[in-house]
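Visitor: I'm new to reading protein structures. Could you walk me through one?
Guide: Happy to. Let's put it on the screen and start from the inside.

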Amino acid sequence: MSAALNNAVVFESELLERHRQDRTERTALPLRSDEDVVALRKHVRERAVAIALSLVDQTKLVTAASELARNTLKYGGGGMVYLDALTDGFRKGVGLIFVDNGPGIPDLEMALRDGYTTGGGLGLGLGGSKRLVDEFDIDSRAGEGTAVSVVKWKR
Amino acid sequence: MTTQDYANRISQLIQDHQADIGSEWIEQLEALTVRSSVVSKDQLRKHCQQFLAAFAQATRGGELQNIDHRSWDEVRDILSEISSTRARNGSTPSETATFVFSLKQPLFTRLNEGFAGDPAALASASWTISSLLDKMGLYTIEVFQRARDQIIVRQQQELLELSTPVVKLWDGILALPLIGTLDSARTQVVMENILQKIVDTGAAIAIIDITGVPTVDTLVAQHLMKTIAAARLMGADCIISGIRPQIAQTIVHLGVNLEDVVTKATLADAFLVALERTGTSVIKRTAHA
Amino acid sequence: MERIPILRMGDLLLVTIQVDMHDRLAMTLQDDLTERIVRDRAKGVLIDISALDLVDSFIGRMISNTAAMARVLDAQTVVVGMQPAVAITLVELGLTLHGVKTALNVEKGMALLGKTDF
């Protein structure tokens, strides 16, 4: 897979700038190994604590991050994640955008169905992750790559 | 005349006639205030004196437009204090603002005397004083609102705590009566509380009693189901009690699937089920003659 | 290579997960447990997750698989100490941990496995 040969992820998605106006800080982290996933969990937990998310909301966000990071790693051939600090003037939030140059998701609608018990959803668990966050968007093009953007706001 | 000159003259006027201004002001207040029980006469006198002294001092600072300026710090503090005290004692915001506005009359009287023969200066000074006092009146209202908001927030928290009482019915059996309407945000907090209490007490069974919940909509029903699923994942179980006939109808109507959840009409029935499940039986002794 | 320690108490295996496991470590644990059940002729496995503030689908599947394999080997598995936030998240995620018994703490877990005295 070409993504494994170079370090730059070149999947251009408009999701990357979706929250540009609300963004106060962006950190880019690699997702190339199991350890990167563990590191990401720590970072996300820290950000969640920093905006004083409730314990349950923190857990939901970190879990969603873990799920999506694993997808990037296992199905996207590795990639990057952008960790954004957001504020829309009234409340603070954490944004995560997972990007890879993988094969893309062929049937998005099917992918968004539950992946665990029913066996549908291509096993990606996107439907489940979607329920853990406040905003969820996917941009995927066959043969080019995938970008998944999620946001959790402090209630 | 420069602004500083004005400021000095006004300040001097107030200081020279402080006692008179003070007593006229108090007279006005006592005539206007409907409920004098809120603030005692002594307290009222004290507030007036404090304010006048600080006001005179602040005017001398030369800043007659912006009351957020440093020179008005002490005056704002005094107003804050007065406003908060009145808020706590049940005053309305207008009563507190009136406290400030009624100072206008006595001050205008003094300005009339002090600037006699110079109508332009008198008009200017009157306007300045009037604006200043308007701003201060508004300031008291803001402070008042903030104080009341804090009280409301505190009451809300207390209410939230009250609304998830926990009763240990027996070893390993908890009763959690839910009281009041459950909106989405509150239900989540209540849900987390229930689960945390199960962990804290090591209860095997939690009886969630919804007698005190007036309506159950889809959202509330979903949250209840999720709470039960979470409790089971943790290793405990839940029984729902207090289901009134209307709620039973709503649940069926909404198509909520309660198949594998035990539900009882009364807490007592639920308690019996819980006892049985935890291996305890109740023996009724026959009455002695 | 780091491994998660497995304690043996009679015919019971006890595992306490205290680190944020990466996927490889979770797989290693699964393999180790299966091997030990056979080797020690264990009848019960107790997995303590009270220190875990996160259980995602991978860990969840690891636990389910371990329980399934243990059952095939005639051993029972009990997972104890799940934190409320984790439970709520798993429910939202739609993960059911099918076929896995759970208990609030180690003591209750042991009772479930029929071990109340040593």
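**Reading the model from the inside out**

Guide: Pick out Ile198(B): leaving aside residues up to four places away in sequence, its contacts are Leu174(B), Ala203(B), Ala206(B), Ala231(B), Met234(B) and Ala236(B). Keep in mind that this is a predicted model.

Visitor: Which residues have the most contacts inside the largest nonpolar core?
Guide: Here's the general idea: in soluble globular proteins, nonpolar side chains tend to be buried together. In this model, the largest nonpolar core has 107 residues, and Ile198(B) is one of those with the most contacts inside it, as are Leu61(A) and Ala87(C). Helix H3 of chain A, residues 55-74, gives the most to this core, with 8 residues. Apart from it lies another core, of 34 residues, including Trp72(B) and Leu79(B).

Visitor: Okay, now sheets. What is the order of the strands in the open sheet of chain A?
Guide: Generally, strands of a sheet pair through backbone hydrogen bonds, either parallel or antiparallel. Here the 5 strands run E1-E2-E3-E5-E4 in chain A, and the pairing is antiparallel. At the edges sit E1 (23-31) and E4 (135-141) of chain A, each pairing on one side only. From one strand to the next, the twist averages 15°.

Visitor: How many bridges join E4(A) and E5(A)?
Guide: There are 7 bridges in that antiparallel pair. For one to look up, Arg141(A) has Gly145(A) in E5(A) as its bridge partner.

Visitor: And which strands does H3(A) lie across?
Guide: H3(A) lies across E1, E2, E3 and E5 of chain A, at about 10° to E3(A). Helix H2 of chain A (residues 34-50) lies across E1, E2 and E3 of chain A, and runs at about 165° to E1(A).

Visitor: What about two helices? At what angle do H1(C) and H2(C) pack?
Guide: The angle is about 10°, with the axes 10 Å apart. Angles under 35 degrees count as roughly parallel, so H1(C) and H2(C) are roughly parallel to each other. Among the residues that meet are Leu33(C) and Ile37(C) from H1(C), and Met62(C) and Met69(C) from H2(C). The residues of this contact divide into 8 nonpolar, 4 polar and 1 charged.

Visitor: Last one: how many residues does each chain give to the contact of chain C with chain A?
Guide: Chain C gives 18 residues and chain A gives 21. On the side of chain C, H3(C) gives the most, with 6 residues. That side divides into 7 nonpolar, 5 polar and 6 charged residues.

How values were computed
Residues numbered from 1 in each chain as written. Chains lettered and ligands numbered in written order. Predicted model: local features only at pLDDT ≥ 70, side-chain atom pairs only at ≥ 80, totals over all residues. Core = buried A, V, L, I, M, F, W, Y, C linked by C-beta atoms within 7 Å. Buried ≥ 20, exposed ≤ 12 C-beta atoms within 10 Å, placed from the backbone. Helix = DSSP H or I, 4+ residues; strand = E, 2+ residues; numbered from the N terminus. Contact = placed C-beta atoms within 7 Å. Axes fitted to C-alpha atoms, helices over the stretch in contact; angles between N-to-C directions. Parallel < 35°, antiparallel > 145°, perpendicular 65-115°, else oblique. Nonpolar A, V, L, I, M, F, W, Y, C, P; charged D, E, K, R; others polar. Pairing = 2+ DSSP bridges.
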